[in-house]
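Dear colleague,

Please find below the structure that I am handing over to you, with its sequence. My notes on what was found in it follow.

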Amino acid sequence: MSADEPTACGETLAVVRKKALLRLLARREAARLGLVVTQAGMQAEAERFLAAAGLDDGAALAGWLDAAGLGEAAFAAALHDFALVRLLEDRLAREIDALVPDHIAVSSARLRQAEHEGAS
């Protein structure tokens, strides 16, 4: 599979890899800072995920996990990582916000290329 082909989740492999990298870096930074996800944090993350995915009961979740080939432990680990990312995002909000304008400006170069290709 090439980095630009969509995966089963609809995102390209390149995007999935960057999100996996974010999870790894969040684990490391949270450990370095001594941040811990509480049970309430895990519950809130699970509720957000399940609501966004339309998984409104245990049977729906179990069916989706089975269809996705995802074990409960792997799902719990993903939710934990998502909660860590949220903790770090909250903790680093000012630094993140300071980077956003420049990141948008740099990323706009892709639009320039797309416009150039469309004009050809």
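The side chains of Glu11 and Lys19 are joined by a salt bridge, with an N to O distance of 2.4 Å. Please bear in mind throughout that the model is predicted. Both partners of this pair are partly exposed: Glu11 has a relative accessibility of 26%, and Lys19 has a relative accessible area of 44%.

This salt bridge belongs to a wider set, since a search of the whole structure finds six. Two others deserve a description here.

The first concerns Arg23 and Asp81, whose closest N and O atoms are 2.7 Å apart. Arg23 lies in helix 1 and Asp81 in helix 4 (residues 72-91), so this salt bridge ties together parts of the chain that are 58 residues apart in sequence. As for solvent accessibility, Arg23 is partly exposed, with a relative accessible area of 24%, whereas Asp81 counts as buried, because its value of 3% falls under the 20% limit. The pair is also part of a network of salt bridges that links Arg23, Arg27 and Asp81.

The second concerns Arg86 and Glu45, where the closest N and O atoms are 2.8 Å apart. Here Arg86 is in helix 4 and Glu45 is in helix 2, so the pair connects parts 41 residues apart in sequence. Arg86 counts as partly exposed at 32% relative accessibility, while Glu45 counts as buried at 5%.

Turning to helix 1 (residues 13-33), I compared its length with expectation. Its 21 residues should span 30 Å at 1.5 Å a residue, and the C-alpha atoms at its ends are indeed 30 Å apart, so the two values agree. The residue that follows helix 1 is Gly34, which has a positive phi, near 75 degrees.

Finally, I draw your attention to Leu50, which is found in helix 2 (residues 39-53). Leu50 counts as partly exposed, because its relative accessibility is 21% and the buried class is limited to values under 20%. When neighbours within four places in sequence are set aside, Leu50 is in contact with Leu55, Leu61 and Phe75. Between Leu50 and Leu35 the separation is 15 residues in sequence and 24 Å in space, taken from C-alpha to C-alpha.

Yours sincerely

Terms used: Residues numbered from 1 in each chain as written. Predicted model: local features only at pLDDT ≥ 70, side-chain atom pairs only at ≥ 80, totals over all residues. Heavy atoms only, no water. Helix = DSSP H or I, 4+ residues; strand = E, 2+ residues; numbered from the N terminus. Buried < 20%, exposed > 50% of the residue type's maximum accessible area, 1.4 Å probe, protein only. Contact = heavy atoms within 4.5 Å. Expected span 1.5 Å × (residues − 1). Salt bridge = Lys/Arg side-chain N within 4 Å of Asp/Glu carboxyl O.
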